[in-house]
Structures are given as C-alpha cells and as structure tokens.
Amino acid sequence: MTFTSPMVLLFGLSIFLVMFLALLRPRLERRSVAALFLWEGLTQDTRSKRIHFKQLLDPILLLQLLSILLLVAAMASPLLSSTRQRLSSLAIVIDASASMQTMTADGASRYDLAVEEAKDVLEESPALKTSVIRFSSLPNMLVQQESRRAAVSRALDASSPTWNASGSLDGMLNALSAVGGLSSFDRVVFITDGTPSALPEGIELLTIEGGENLSIAAFTVRENPSGEGTTAFAEIANGTDEYREIALRVDDGFSSTSISLSVEPEATQQLAVPFPTSRGTVFTAQLDVADDLPQDNTRYFALDRALDLRVRWIGPPNRYLSAALGAVTAVTIVAASDEADLTVVHQAMLPASYDGSILLVNSEIQGVASLGDDQDRGSVRAVASADPLLEGLQPSDIRVFSSPTPQLPEEATVILEADGAPILAAWTSETQDVVFLAPKLETTNLPLSVDLPLLARNIVSRVVRLPAPLDYRWSHVGEAVSLTGRGLISRLENPDGEAVSLPESGQYFFPATPGIYELTTERGTFPLAVNVAPSESDTSASIEAAEPSALPTATTNRRYWVDLWPILAIVTLVLLLTEVLARHRASIRLPRWSA
Amino acid sequence: MDYLLDERFLQRLSRLQFMTRGRLGGRLSGLHVSPRAGMSVEFADYREYHPGDDIRYVDWNIYGRLERLLVKSFIHESDLPIYLLIDVSASMQLGAPSKIQYVAQLALALAHLGLHSMDRVGVFPFAHRLLASIPAQQGASHIRRVYNTLSNLDAHDETAFEQSIMGFLSLTRETGLTLILSDLMFPTGLEEGIARLLYRGDEVVVLRILAPEELDPKPSGTTQIVDVETGRFTNLNLGNTTLASYRARFEKHQSRIQTFLEEQRVPLFTIPTERPLEAVIFENLREGGIVR
C-alpha cells in the first residue's frame with residue numbers, strides 16, 4: 001500500500017491532542033447513594049491503576065481515536081496495489097492550438113470537446129499521478145503529477161485554447177520529458193484536431209472533429225520593383241466541401257480594394273491586389289464569410305521598410321569600405337558620436353573614452369589596442385570559424401600581404417589570423433563594442449572579393465542589428481517575434497493598445513493574440529503584424545513526423561492501484577455513528593443511578 | 001408500577017397471620033388474645049366481685065361452697081392493629097428495582113396478610129415527617145385504599161425518623177404491631193424513635209430494605225458520590241481498597257443497629273431488593289416468628 005498524499009498522515013498526530021483533551025476532561029462518574037456518612041473520609045484507593053487505565057480507555061474515546069486515524073488515512077488517499085483499475089502515471093496532451101477554437105455543430109468548440117475527452121480518459125484510467133500538457137507551439141504544463149482527479153478536472157475546466165500554432169513532436173516530447181519523459185508514463189493520450197503523420201509508439205491519438213472553415217492561407221505585400229506603390233498577394237482556402245462565393249477586402253490604411261471570387265471545395269485560390277500609389281505600412285486582408293473559425297478570415301501585414309545606417313567616419317575615407325557598407329543598407333554620415341549607429345575608424349587613433357559600436361580598420365584605441373609594425377603575411381586561417389562575423393565568408397580565399405602585429409585587450413576574440421597575427425578580432429567592454437580589422441584594406445584582396453560586403457553586412461548585423469533585407473515572413477501568435485534593428489525600444493503595445501511586458505533582453509517577444517502590434521523606439525513607431533498561423537486554418541494539417549528510431553517506447557509494465565479512501569471514509573462514518581449511539585446510551589444510563 | 005401480586009401468592013398469604021409476643025389491645029374482635037378480659041368461651045381467671053359487675057358471671061357454685069362472691073373472667077380475643085411505617089425518603093429511590101418499589105410491594109403483601117386475618121392495617125409513609133397516612137382499618141374493602149396509597153408512593157426529602165415516629169404516635173392511640181420498612185440510612189434518630197414506640201407498648205419489627213449495590217458496591221474509578229437526600233457529595237477513587245473500607249463502615253453501621261435492636265428485643269430483617277417477596281414472607285418472617 002502507498003499513500004498519494006503522505007504528508008497528510010502528519011495530521012494523525014492530532015490523536016495526541018484528542019488524548020490530551022480526554023485527559024483534561026472531567027472523568028468523574030456520578031453515583032448517588034442513600035447516605036453520604038457511610039462514604040465520607042474513606043481510605044482512598046491509590047493502587048487501582050487498572051481502573052484508571054480502564055477509565056482512560058473508555059469505548060467512546062477509543063472510537064474517537066480510531067475515527068481520527070481512519071479519517072487521516074482516508075485523506076492521505078491510500079492506494080492498494082492491484083491487478084487492475086488504476087494506472088501509476090497518465091499523461092494527457094491536449095491540443096490548444098488556434099484551430100481548437102473552431103466551433104462545432106454542437107455549439108461547443110473543439111477544445112471543449114477535447115476537455116470532455118480528457119475527462120473521459122481520467123474516468124476510465126484513474127492514475128496515481130496525472131499530468132496534463134496544454135500543447136501548442138508554446139506548450140505549457142497544465143497539471144503536473146497531480147494525484148487528485150478533481151484537481152485535474154478543475155484545471156481542465158479552467159483552461160482555454162490559445163491562438164498559437166500547433167506544436168511540433170519535438171516540443172511534445174520535450175514537454176513530456178519535463179515530467180519524466182514518455183517512457184515514465186503508463187498511458188499517454190494526445191487529443192487533437194490534427195492528423196499527425198507519425199506518433200511514437202505508446203502515444204494514443206484521440207481526434208476531435210467538427211466545424212467548417214474558410215481562411216486567408218497567405219497574405220503578403222511587396223514594394224513594386226519600380227519603387228512606386230505596392231502589391232498585395234493573398235491565398236484563399238476553402239476548407240468546406242462545396243463551392244463558396246467569397247468577398248475579399250484588402251486595406252492599406254488609406255484605401256481598400258474588394259474582390260469577389262468563387263473558390264472550389266477543398267481548394268485554394270491565389271490572387272494579387274495592386275496598390276499602385278500606396279505608401280502604407282499596415283495592410284489588412286479580410287474575408288467576408290461566416291464560418292466556424294473567424295479569426296483566420298482577417299490577416300495583417302506590416303511593410304517593414306529599411307532604416308538608414310547612421311555612420312560617423314573618423315580618419316581618411318576609403319571607397320571600398322564605403323561601398324561595402326552602402327551595399328548593406330542606406331548609409332547616412334553623421335558628425336556627432338551620440339547620433340551614430342556605428343563609428344568607422346579608418347587608419348586613425350581613437351581616445352579610450354569613446355563609446356558605442358566601433359569598426360576599427362587598421363586603427364588603434366589609446367591604451368586599449370595598438371597596431372605595431374607591418375610584416376609580410378600569407379594565407380588567412382579562421383580561428384573561430386563559427387563566429388557570426390564569418391557568416392558567408394570563405395576565409396581561405398582571403399589573402400593578406402602584410403599586416404601589423406597588434407596588441408589587443410585580453411577579452412578580445414581573434415577570429416581570423418595570418419602567421420599567428422590577428423587579422424580580424426572583436427571584443428566588448430562596458431562602453432564599447434568593437435570589431436577590429438588589422439591590415440590596410442589595400443594590403444589585402446578584400447576590395448576585389450565578395451567577402452568585403454559580406455563582412456560589412458555581418459559587422460552591421462552584429463553592431464547595430466539592423467535587418468539587412470526586408471523580411472516578408474509572417475509573425476505568428478506564440479512564436480518569437482524579433483524586435484531588433486529598430487533602435488532603442490521604449491514601448492510595445494498589443495492590438496488593444498495595452499503595453500506588453502518585454503523580456504530583459506528586449507530583443508523579442510511572444511505575441512498572444514493576432515493583430516497589429518506597435519513598437520515605439522527613439523527612431524519612431526513600427527507596426528508589427530502578427531497572425532494566427534496558417535497551418536491552423538487547415539484542420540487536416542499534421543504535426544511533423546518524427547524519426548521512429550529517435551522515439552522512446554512506452555513501458556508495458558503497468559502498475560495498477562485501488563483507491564482505499566472511500567472504504568476508509570465509510571468505516572469512519574460508521575464509527576462516528578456508533579460513537580454517537582454509545583454516547584446516547586451512556587447518557588440514558590446515568591439517570592438510573594441519579595434518578 | 002405494577003404492584004399486583006399473583007393469585008397463587010395471595011392464596012398462600014391467606015394461610016398466614018401475624019404473631020405477637022405479647023398481648024396487644026385491639027378494639028374490635030379478632031383472632032388475637034387481648035390483655036383485657038373478654039367475652040370469648042375460653043376461661044381466664046376468677047376475681048372478687050365488685051358492685052357493678054355483671055351478676056351473670058358470678059360463679060354460684062363457689063359462692064355455695066365458700067360463700068365468697070367470685071366473678072369468672074374470660075380471655076378477650078381482639079383484632080391486631082398492624083401499622084406499616086414506610087420510609088419514603090429520597091434514599092428509597094435507589095436501586096433497580098428501586099427500594100420504594102420493593103417496599104410498596106412488600107407492604108401490600110403484608111397488608112393483604114393482615115386484612116385477611118381480620119386485623120386492622122394502617123399505612124404510614126414518612127420522610128422528614130409523617131406524611132398523609134391511612135388509619136388502621138379492617139375489612140377486605142380496605143385493601144383498595146391501601147393499594148392506591150402504596151402505588152402512589154413517591155420517594156423524596158430527607159429522613160427525620162424520630163420526628164416521624166412522634167407524629168405516628170400522636171396519630172394512633174392503640175398499641176399494635178408496628179412494621180418499619182426502611183433502609184435505615186440515617187445516622188441518628190433510630191434509637192430514639194424505636195424507644196418511643198416501645199415505650200407506648202408497640203411491638204416493633206424492622207424490615208431493612210437495601211439495594212444490592214449498597215451491600216456490595218462495584219469499583220468504578222474516580223467517582224463523585226452524591227447523597228440523594230442532601231445533595232452533598234464527595235469524590236472518591238472507588239477501587240478495591242476504598243470499597244473494602246466502605247464495607248467495613250457499613251458493617252459497623254449495621255452492627256450498631258442490630259445490637260440496639262437486639263437489646264430492645266426488636267427483630268431486624270435485612271432484605272436486599274433482589275430477594276423474592278415470597279422468600280421474605282415465607283422464610284424470613286415466618287422463621288423470625290412474625291407470621292405463622
């Protein structure tokens with residue numbers, strides 16, 4: 001036998017309190033006599049311990065103590081090992097992705113049906129420990145190793161689906177590993193409206209169905225190549241089994257265009273909507289239909305236009321370096337260091353007190369980095385080949401004919417070297433973020449290769465974190481949305497205008513609802529479009545397949561347990577009734593002596 | 001309370017009658033020898049003639065022979081007043097069945113016995129004083145009043161024995177057989193009360209009725225001992241030692257009563273309530289010479 005809540009057994013110590021109180025209780029039996037003079041002043045009995053003990057062990061007190069012990073034992077939920085009835089551990093993975101918000105013909109959402117299914121599973125397979133995972137692209141533990149079935153049911157009732165995308169199988173296995181891993185469960189049930197292409201052995205699938213859906217499966221906006229206006233592209237999906245006449249309206253914030261179209265059953269249709277003169281940044285596409293998941297009938301897109309890179313140049317100009325930076329993004333030369341995103345120091349000496357993001361090209365920082373004499377060099381070798389500054393570069397193609405032998409601070413990371421001398425290095429101090437290129441550009445083959453603009457892009461991405469190309473991808477609810485490249489963040493608002501708390505790094509956030517978020521930095525206000533993942537519109541979407549060999553197998557050694565608490569509770573009740581009757585009889589018996 | 005006595009028991013009672021050691025003076029004719037000369041056929045004695053005597057009783061044969069006027073006297077057979085003094089103090093409510101119940105049944109049996117043998121029977125309940133009583137009367141119909149009185153006895157109040165006896169003596173003028181039915185659980189007054197009765201000339205019989213738990217109490221641990229009459233109490237640990245001490249004190253009390261009564265030639269019968277009435281009457285009282 002085992003106890004689900006063994007700590008409750010500590011309440012058993014309360015019997016000592018009851019015994020203590022019983023000792024305090026007046027224990028005098030009342031006996032009426034005809035003449036007190038026969039009793040007064042009798043020799044007192046000091047040796048009748050047996051009678052004292054008998055008095056202590058009066059049946060009512062014994063019944064009370066037994067009742068307490070049984071009650072405490074019942075509260076501790078004792079379980080008796082058995083060949084049937086109760087599992088050792090049960091995991092229920094309930095799909096809480098956006099598609100589970102689809103309403104069904106019963107008037108309940110798929111998630112509501114999934115919760116009912118989960119309760120049925122609890123009923124048919126009561127377990128010693130039950131865990132429930134609310135599963136989506138951001139899985140979270142709804143109930144962890146809970147022994148009380150009522151608590152699990154309450155947690156299920158209180159839960160709700162998200163607007164997140166469906167989670168991956170890896171995500172599910174990771175979530176299960178947080179509570180011991182797939183192999184630690186006797187039964188794992190996955191309740192979803194999807195059709196997973198493959199599930200590990202040991203995971204049972206319960207499928208929820210119902211509801212019809214039409215959706216905007218894709219929506220994006222591109223600037224026209226001419227530089228004038230934009231074009232919106234949309235894909236309409238008809239998930240029903242009949243032809244549907246659909247009205248699509250696209251809005252750029254200034255004007256809107258409506259299009260009517262007929263979409264075949266179980267088919268998609270793509271269309272382009274031109275906005276020849278639009279300079280809008282927030283675009284909305286909306287389907288005018290009635291279906292069971294209206295949230296994917298509206299899609300948002302924020303046209304994130306590129307920002308200028310503000311550069312302060314110190315030292316003689318270099319047209320190769322200028323051209324490489326200009327190839328990355330538009331560059332604006334500024335005079336003040338506090339206005340600059342990046343300070344380029346070319347063949348110059350920088351004071352040690354200078355702060356900010358710095359690109360040192362054949363330059364020095366007083367007391368921090370010095371160059372030394374030039375020496376002949378040969379081929380270049382990557383010391384830190386995984387460094388982001390080398391992304392896209394071929395170090396073996398770079399030639400350095402001569403370079404100095406620099407003295408760098410201890411915290412500097414050497415990325416490229418030639419003949420043991422650092423060629424490319426980087427370091428970060430409290431006030432400075434420095435990328436150091438030792439040789440003169442003219443003494444290398446960089447001006448003639450594609451590696452210089454790639455290096456410039458990587459430096460810009462590292463130092464100022466500006467988005468190099470425009471990002472036309474959607475941001476989905478529940479997935480990390482990058483906030484970098486837009487300056488120092490001061491505020492982020494959700495579609496309802498409420499401030500969103502940001503993680504400490506301030507570089508990303510996880511949106512909870514679809515819509516247009518507004519990011520405010522010192523460089524302006526930027527719209528961020530967040531949509532329900534398009535995969536949620538397709539109820540036949542499958543979660544990703546997993547490598548069967550990588551999947552753990554569920555154990556077949558099931559342990560079953562029988563709940564003993566109901567029996568103990570009934571026995572306790574009977575004992576309490578017996579005690580009441582005994583007390584009643586005792587109170588009846590007294591008058592026989594005392595009349 | 002069912003005080004009815006079964007038919008067989010009543011028939012057996014009918015064959016009995018009270019006995020007295022001396023001659024007690026009843027007013028009516030009965031089956032007992034009176035101290036006065038009477039009109040029965042049984043010769044008693046001769047005495048000198050005095051003017052006014054009935055000349056029918058002059059023995060003329062003696063006068064002819066001796067020339068003395070002598071008058072014949074005969075034994076007077078009179079009835080016997082039976083006085084049932086019943087203790088109804090609160091202490092009589094103890095026991096199971098209670099002592100008052102037992103006493104009421106015993107008194108009913110004694111009353112039936114007395115009335116059936118042409119005696120007059122009176123019932124005199126007492127506690128702190130003599131209570132409403134039934135004067136001694138004769139006749140079968142009197143048993144109804146006796147029954148009603150006995151069936152309504154209610155034990156309460158303290159005992160004042162001597163005062164009650166004084167009340168009894170002032171209420172009754174004739175001497176008689178006085179049966180005291182009591183637990184005698186009072187510390188004082190017994191000797192004085194009995195002495196007053198004996199002084200008047202009553203023949204006294206004491207029936208001491210006790211509950212079994214008074215004779216042999218059981219151990220019960222720490223107990224509050226409450227006097228039902230006074231309400232006073234004491235706390236005792238009733239173990240074997242304490243109870244042995246109680247029994248010794250009870251025996252001493254019993255011995256004091258017994259010694260006094262023996263000195264006064266008053267028979268004492270100590271009867272536990274568990275003893276059957278038949279055994280009390282046909283064994284104890286018969287062997288004790290109270291009935292025959």
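**Exercise 1. Determine what share of the contacts in chain A with a separation of 6 or more joins residues 24 or more positions apart, and set out the make-up of each chain.**

Solution. Residues 24 or more positions apart account for 69% of the chain A contacts with a separation of 6 or more, a contact being two residues whose C-beta atoms, placed from the backbone, lie within 7 Å. The model is a predicted one, in which local features need pLDDT of at least 70, side-chain atom pairs count only at pLDDT 80 or more, and totals for chains, interfaces and linings use all residues. Residues are numbered from 1 along each chain as its sequence is written, while chains are lettered from A and ligands numbered from 1 in the order in which they are written.

Next, chain A has 9 helices and 34 strands; helices (H or I, at least four residues) and strands (E, at least two) are DSSP runs, numbered from the N terminus. Of its 595 residues, 37% are buried. A residue is buried if 20 or more other C-beta atoms lie within 10 Å of its own, exposed if 12 or fewer, and partly exposed in between, with C-beta atoms placed from the backbone.

For chain B, the corresponding entries are 9 helices and 10 strands, 41% buried among 292 residues, and 76% of the contacts with a separation of 6 or more between residues 24 or more positions apart.

**Exercise 2. State how α4(A) and α5(A) are oriented to each other, and which residues make their contact.**

Solution. First, the axes of α4(A) (residues 110-124) and α5(A) (residues 149-158) come within 10 Å and cross at roughly 170 degrees. Axes are lines fitted to C-alpha atoms, for helices over the stretch in contact, and angles run from 0 to 180 degrees between N-to-C directions. The two helices are therefore roughly antiparallel; angles under 35 degrees count as roughly parallel, over 145 as roughly antiparallel, 65 to 115 as roughly perpendicular and the rest as oblique.

Second, α4(A) contributes Val115(A), Ala118(A), Lys119(A) and Leu122(A), and α5(A) contributes Arg149(A), Val152(A), Ser153(A), Leu156(A) and Asp157(A). By class, this contact holds 5 nonpolar, 1 polar and 3 charged residues. Here Ala, Val, Leu, Ile, Met, Phe, Trp, Tyr, Cys and Pro count as nonpolar, Asp, Glu, Lys and Arg as charged, and the others, Gly among them, as polar.

The spacing can be read against a general rule: an α-helix has 3.6 residues a turn, so residues three or four places apart point the same way.

**Exercise 3. Describe the side of chain B that touches chain A, and the sheet order of β2(A), β8(B) and β9(B).**

Solution. The contact takes 35 residues from chain B and 26 from chain A. On the chain B side, β8 (221-227), β9 (233-238) and α8 (240-263) each supply at least two residues, and α8(B) gives the largest share, 8 residues. That side has 13 nonpolar, 17 polar and 5 charged residues.

β2(A) (residues 29-33) pairs with β8(B) in the parallel sense over 5 bridges; two strands pair if DSSP finds at least two bridges between them. Arg31(A) stands opposite Ile225(B), and Ser32(A) opposite Val226(B).

The 3 strands form an open sheet in the order β2(A)-β8(B)-β9(B), with mixed pairing. β2(A) and β9(B) are the edge strands, each pairing on one side only. The twist averages 35 degrees from one strand to the next.

**Exercise 4. Establish whether β12(A) is largely covered or lies in the open, and describe its hairpin with β11(A).**

Solution. Of the 8 residues of β12(A) (residues 256-263), the number buried is 0, so the strand lies largely in the open. Its pairing with β11(A) (residues 244-251) is antiparallel over 8 bridges, and Asp251(A) has Ser256(A) as its bridge partner. The hairpin has 4 residues between the strands, and Gly253(A) takes a positive phi near 95 degrees there.

**Exercise 5. Classify Thr273(B) as buried or exposed and locate its surroundings.**

Solution. Thr273(B) lies in the loop between β10(B) (268-272) and α9(B) (277-287). With 24 C-beta neighbours inside 10 Å, Thr273(B) counts as buried. Leu210(B) is 63 residues away in sequence, yet the C-alpha atoms of the pair are 6.0 Å apart. Leaving out residues up to four places away in sequence, Thr273(B) touches Gly95(B), Pro97(B), Lys99(B), Tyr102(B), Ile209(B), Ala211(B) and Pro212(B).
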